[in-house]
Amino acid sequence: MTISEPASRHLSLDEADAEANRQLTTLEGWRKFLDDPPAPPVLLTPAELKRLPENERALYDEDRLDHHARMLVVSTSFVEKTVVCGRRLVLLNRHAVSARRGLMVSGLPGTGKTSAITQLGRAHELLDRARHPQVADRIPVLYITVPPAATARMVAAEFARFLGLPVRSRSNMTDIIEAVVGVCTDTRTGLVLVDEIHNVSQVTRAGSEVSDTLKYFSERIPATFVYAGIGLETSELLAGTRGAQISGRFTLVPTRPFPYGDEWKGLVATLEDTLLLHHHPPGSLVKLARYLHDRTAGMIGALSHAIRGAAIDAILSGTERVTKEGLAAIPLDHAAESQKKPLKKATR
């Protein structure tokens, strides 16, 4: 028996390398992110699976492994709030000549900050495309991350890198900034996403210069700026006079670990619905919602990692189901591990 090629199709090694190298911090990678994810492979019936030749079974399993490896973006209340707040600011800034207001998204690692701002960017760009069909020379969204120990030139170079502009060793800051501003203005960039902004410290000279550069970009580019980072409320980004200016212009949207409740159970149910396993009893993960909350400390990133990792192990081991034992075997990030509640000893 043969099976039709799934939508995810099998990539050559060169294609796989190219796929891995597509990053959100390049225009090509960002546009790839905007594309709808490939359709998941069809879960075969036991009879179909039994008739599958060995080589096709290996490809079928590989497609399912690839499916579970993909990070699913769940539309949580925090993502929705970020999109609504960001959309509101874009509209308020539409006719502003100066002092445009921005958005800061702050929280612990693994609470969905990057997912939230990239979903805001995705919504903004798709709306822009709908309003301007058949116009290919627009770049509605620009996304960068602030490198550790960043200098002003490094940040300016990140803007240029996203746009595909060459940055040569002899290029000075003025050349880079003017090139970036020119392209952003010509291509109608309306939203600038700056991730890892906690790497900027106003108490150092380099950090202050980075802050000034971002402020200058925000004055020259008619766009709404969105910052995302860890613990921004108490970070050195908001220190001193420059920090006070940011506080006065940016709306803060904090994210926190999810409390145990209906939304958490809904997240678990949504992730369980994506599983493509042959012996997984439907609803069994929802019954473990309390355990999963204790295990992950309410961190959505850790929840997704645990469930997807256990699903991958279930395929590799042949058990084809996610169990409590399988979930417990998945090492989580240190943030989730250090905050999780101690698990009660099982009683027989």
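Which strands does helix 10 (residues 240-249) lie across? Helix 10 lies across strand 1 (102-107) and strand 5, and runs at about 80 degrees to strand 5. Angles run from 0 to 180 degrees between N-to-C directions, with axes fitted to C-alpha atoms, for helices over the stretch in contact. Helices (H or I, at least four residues) and strands (E, at least two) are DSSP runs, numbered from the N terminus.

This is a predicted model: local features need pLDDT of at least 70, side-chain atom pairs count only at pLDDT 80 or more, and totals for chains, interfaces and linings use all residues. Residues are numbered from 1 along each chain as its sequence is written, and side-chain values use heavy atoms, leaving out hydrogens and water.

**The sheet**

Five strands form an open sheet. Their order is 2-3-4-1-5, and the pairing is parallel. Strand 2 (141-145) and strand 5 (250-255) are the edge strands; each pairs on one side only. On average, neighbouring strands of this sheet are turned by 15 degrees against each other, direction ignored. Two strands pair if DSSP finds at least two bridges between them. Strand 2 and strand 3 (residues 191-195) pair in the parallel sense over five bridges. In one of these, valine 141 has leucine 191 of strand 3 as its bridge partner.

**Two packed helices**

Helix 11 (residues 262-273) and helix 13 (residues 300-317) pack at an angle of about 30 degrees. Their axes are 11 Å apart. The two helices are therefore roughly parallel to each other (angles under 35 degrees count as roughly parallel). Contact means heavy atoms within 4.5 Å. Helix 11 contributes Trp264, Leu267, Val268 and Leu271 to the contact, and helix 13 contributes Ile300, Leu303, Ser304 and Ile307. These contact residues divide into seven nonpolar, one polar and no charged. Here Ala, Val, Leu, Ile, Met, Phe, Trp, Tyr, Cys and Pro count as nonpolar, Asp, Glu, Lys and Arg as charged, and the others, Gly among them, as polar.

**Two loop residues**

Buried means under 20% relative accessible area, exposed over 50%, and partly exposed in between (1.4 Å probe, protein chains only).

| Residue | Loop between | Relative accessibility | Class |
|---|---|---|---|
| Threonine 76 | helix 4 (54-69) and helix 5 (77-92) | 4% | buried |
| Aspartate 35 | helix 2 (27-34) and helix 3 (46-50) | 40% | partly exposed |

Threonine 76 touches Phe258, Glu263, Leu267 and Ile300, not counting residues up to four places away in sequence. Aspartate 35 and arginine 122 are 87 residues apart in sequence. In space they are 9.6 Å apart, C-alpha to C-alpha.

Note on methods
Angles under 35 degrees count as roughly parallel, over 145 as roughly antiparallel, 65 to 115 as roughly perpendicular and the rest as oblique.
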